Amino acid sequence: MGSAIFHGDVKVTAMASVLIDSIRKNYGTASVLRGVSLSIADGEFLTLLGPSGCGKSTLLRILAGLDVQDSGSLLIGGRAVDGLRPKRRGVAMVFQSYALYPHMTVASNVALPLRMRRLSVFQRFPLLGRLLPATARIAAEIDVEVTRTAKSLGIGHLLARKPGQLSGGQRQRVAVGRAMVRHPAVFLMDEPLSNLDAKLRVQMRAEIKELHQRLGGTFVYVTHDQAEAMTLSDRVAVMLDGELLQVAPPQDIYADPDDRRVAEFIGSPKINMLEGVVRERGLIDVAGATITIEADARAGAHLTLGIRPEAFHLADHGGQGILTGFVRMIEHMGSDLFVHLDLAGIDHPLIARLLAERAPHIAPGQTLHVGVRPDRVLLFARDGRRLRRQAESGRASVTPIRESA
Amino acid sequence: MSASTSTNRLSPPAAILRHAVLLATGALILVPFVWMASLSLKPPGEIFRASFSFWPAQFYGVENYTKALTEVPLPRYMGNGLVVCVLILGVQILVCAPCAYALAKLHFLGRDLLFGLVLVGLLLPHQVLSLPLFILGYQLGILNTYAALVFPYVVSPFGIFLFRQFFKTIPDDVVHAARLDGLSEIAIVWKIMVPMALPAVIAFSIFSVVSHWNDLFWPLIAVRDQSLMPPPLGIMAFKNEEAGNDYGPLMAASTLVVLPLLIAFLAAQKWFVEGLTGGAVK
């Protein structure tokens, strides 16, 4: 197995944009979706990212027609699909549990959507259906397509097996094959990789990306795994408590979050959140230090400073804009060090990600000075809203994810 | 047998006690059958002898079985039993599977109430309904036909209950996938749910066939024509009219009646157990 798994000429014929307009959904008194609106472009790979229970799977099910919204409307390819049954919506779905039919062979699993569409009720009738004139010809065509799809997914040799005899990764491919065999306009994927082990997950992630590039269809992908969201997506929609917090390309979601909750959800280790007070224009007191940052806030206002671990750099001595703390713990990650620092007046340790080669002799218990570039500090108001500085507005600053200080 | 049981192996006295209880219970259930088979091989004189032996002193099996098969239309009775059981089972599955699917996987108002009614149906002994059913059969004009033997059993609360429990263990995603693949709800029942619940279907089939093959009460009420009688009713008629106290042929007939069930059960034993414990292990 390798990167050349998805080959062949299976193409998506119909393409479609998706428009989600103020969808609401309640289960009893619990509000699962609170007016979600989202526009997905034709051929886009959009990821719905959020912790479990945020409503992302519900939204996907509503999109598929498996669940019905309380209010709001859906358009797929410019066509209102609200009242349509799942099979009429032109969407295909890959489930977390794969949801293969265990009593059918791989070939039958993949062929079923085609059989349901191309053969009439009478032609599908057991035994007698085979006697009808066109049945054999259509069945042969279906066979050809199933074989072609299976080969393009590297499961051509498994067609006669039943799902119970396959490994997790193979089942996943069968589920993908069943979705793509009928050339849907929109692919819906509900955490398709979360049942795989870590190594296979990374491999399948790359294959799904390749599949998207090859098929060119619209993909809506649900996950709670930010690595999947960041690596796969054209845009990521971060969801929390039934609301979309931000929809943006992965690098913007990371470097330029709109909301404190987005900043905290994305990034590992988690972004450092420090409470600060504006001393005067351009100066903020935080954790016993004073940092020079232009903030659009009055003197005395309380703000939260969000600082990514890699935004810190090692400083030789204390001073303006330098935070000082005791090293509590060090995690060696190979090229990087995660240094946990106890700062005066802050109850949880600050985590700084430093390049290992530049910080060779840090030991627990020692005093450490770390500086931070003002332009790498994200400011949040008390209600969690992002406070942008003048220079930042307009989404100009795009910072590479992997850059270390 | 070896390593796997060693973890919770009982001490020898406990093991002996347990086996003694199991053997005694097993014997209690088996002895009447063995006795029946044994009597079917004995001549009349030996049947009422005070001393008891399993094996006949004088082998009289051929005579008894010949008599059982020729003096009354036993093959006809068994044919009737087969027709009635197959009809009942077919219609029951046809009715129960969609009902159970609706109760297990669809969301609609009053579903829980309906399921409650199924459970009530499960509690009612069939005899309670015999008089209303008899009147209904009379009104429909189907008494003394095969239809009379079949119609009270068309809906089986037990079947609905068993199927529902099994269908509930099938993940919703499978149903969702089937809907996206273009299957109608009816197609989901027959192409996905029933094949996946095959162990439950087999277990139910055995229950259904055994109880209706052996049913005496309702056929006694519903049919009078000898050519429509299922095996137990036929055996009863046989005893009254033909055999008198001639127990040998009677036991031979009984043995012949039980035999198909025995064979069917042994053949399907594996699925039967799986069907009743299904859902415990996914």
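**Entry 1: domains of chain A**

I take domain bounds to be those of an automatic or database domain assignment. The structure I examined is a predicted model. For chain A, I looked up the assignment and found domain 1 (18-254) and domain 2 (261-387). I then noted the separation of the two domain centres, which over C-alpha atoms is 41 Å. Where domain 1 of chain A touches domain 2 of chain A, the former contributes 7 residues and the latter 5 residues. I listed the elements that give two or more residues to the domain 1 side: strand S9 (235-240), strand S10 (243-248) and helix H7 (250-255) of chain A. By class, I recorded 5 nonpolar, 2 polar and no charged residues on that side of domain 1 of chain A.

**Entry 2: sheets of chain A**

I turned to the open sheet of 4 strands in chain A and read its order as S2-S1-S4-S5, with antiparallel pairing. Why do strand S2 (30-40) and strand S5 (79-80) of chain A each have one side without a neighbour in the sheet? I noted that both stand at the edges with a single partner strand each, so one side of each is left without a neighbour. Within this part of chain A, I checked strand S1 (residues 18-27) against strand S4 (residues 71-76) and found antiparallel pairing over 5 bridges. In that pair, A:Val18 stands opposite A:Ile76 in S4(A).

I next examined an open sheet of 6 strands in chain A, whose order is S13-S12-S11-S14-S20-S21 and whose pairing is antiparallel. The edges of this sheet are strand S13 (289-292) and strand S21 (386-387) of chain A, each of which pairs on one side only. I followed strand S11 (residues 272-280) of chain A to strand S12 (residues 283-286) of chain A: the two run antiparallel and are joined by 4 bridges. I entered A:Val278 as standing opposite A:Ile284 in S12(A).

**Entry 3: a hairpin in chain A**

I looked up strand S17 (residues 336-343) of chain A and strand S18 (residues 350-355) of chain A, which pair in the antiparallel sense over 6 bridges. A:Leu341 stands opposite A:Leu350 in S18(A). How many residues lie between S17(A) and S18(A) in the hairpin? I found 6 residues between them, and in the turn I noted A:Gly345 with a positive phi of about 80 degrees.

**Entry 4: helices H2 and H3 of chain A**

I recorded the packing of helix H2 (residues 106-118) of chain A with helix H3 (residues 135-152) of chain A: the angle is about 135 degrees and the axes are 9 Å apart. This angle makes H2(A) oblique to H3(A), because only angles over 145 degrees would count as roughly antiparallel. I logged the crossing of H2(A) past H3(A) as right-handed. From H2(A), the residues I found in the contact are A:Ala107, A:Val110, A:Ala111, A:Leu114, A:Arg115 and A:Arg118. They meet A:Ile138, A:Ile142, A:Glu145, A:Val146, A:Thr149 and A:Ala150 in H3(A). I classed the residues of this contact as 8 nonpolar, 1 polar and 3 charged.

**Entry 5: domains and helices of chain B**

For chain B, I noted an assignment of domain 1 (3-66) and domain 2 (69-277). The C-alpha centres of these two domains of chain B lie 30 Å apart. I found 12 residues of domain 1 of chain B in contact with 10 residues of domain 2 of chain B. Helix H2 (12-39), helix H3 (44-47) and helix H4 (61-70) of chain B are the elements that give two or more residues to the domain 1 side. I divided the residues of that side into 8 nonpolar, 3 polar and 1 charged.

I then looked up helix H5 (residues 74-105) of chain B and H11(B), whose axes come within 10 Å and cross at roughly 95 degrees. That angle makes H5(B) roughly perpendicular to H11(B). I listed B:Ala97, B:Pro98 and B:Tyr101 of H5(B) as making the contact with B:Ile186, B:Val189, B:Met193 and B:Val194 of H11(B). I found 7 nonpolar, no polar and no charged residues in this contact of H5(B) with H11(B).

**Entry 6: chain B against chain A**

Finally, I counted 13 residues of chain B in contact with 16 residues of chain A. Which elements give two or more residues to the side of chain B that touches chain A? I noted helix H10 (172-180) and helix H11 (185-196) of chain B. H10(B) supplies the largest share of that side, 6 residues. By class, I recorded 8 nonpolar, 2 polar and 3 charged residues on the side of chain B that touches chain A.

Key
Residues numbered from 1 in each chain as written. Chains lettered and ligands numbered in written order. Predicted model: local features only at pLDDT ≥ 70, side-chain atom pairs only at ≥ 80, totals over all residues. Axes fitted to C-alpha atoms, helices over the stretch in contact; angles between N-to-C directions. Parallel < 35°, antiparallel > 145°, perpendicular 65-115°, else oblique. Left-handed = near helix turned anticlockwise from the far one by under 90°. Contact = placed C-beta atoms within 7 Å. Nonpolar A, V, L, I, M, F, W, Y, C, P; charged D, E, K, R; others polar. Pairing = 2+ DSSP bridges.
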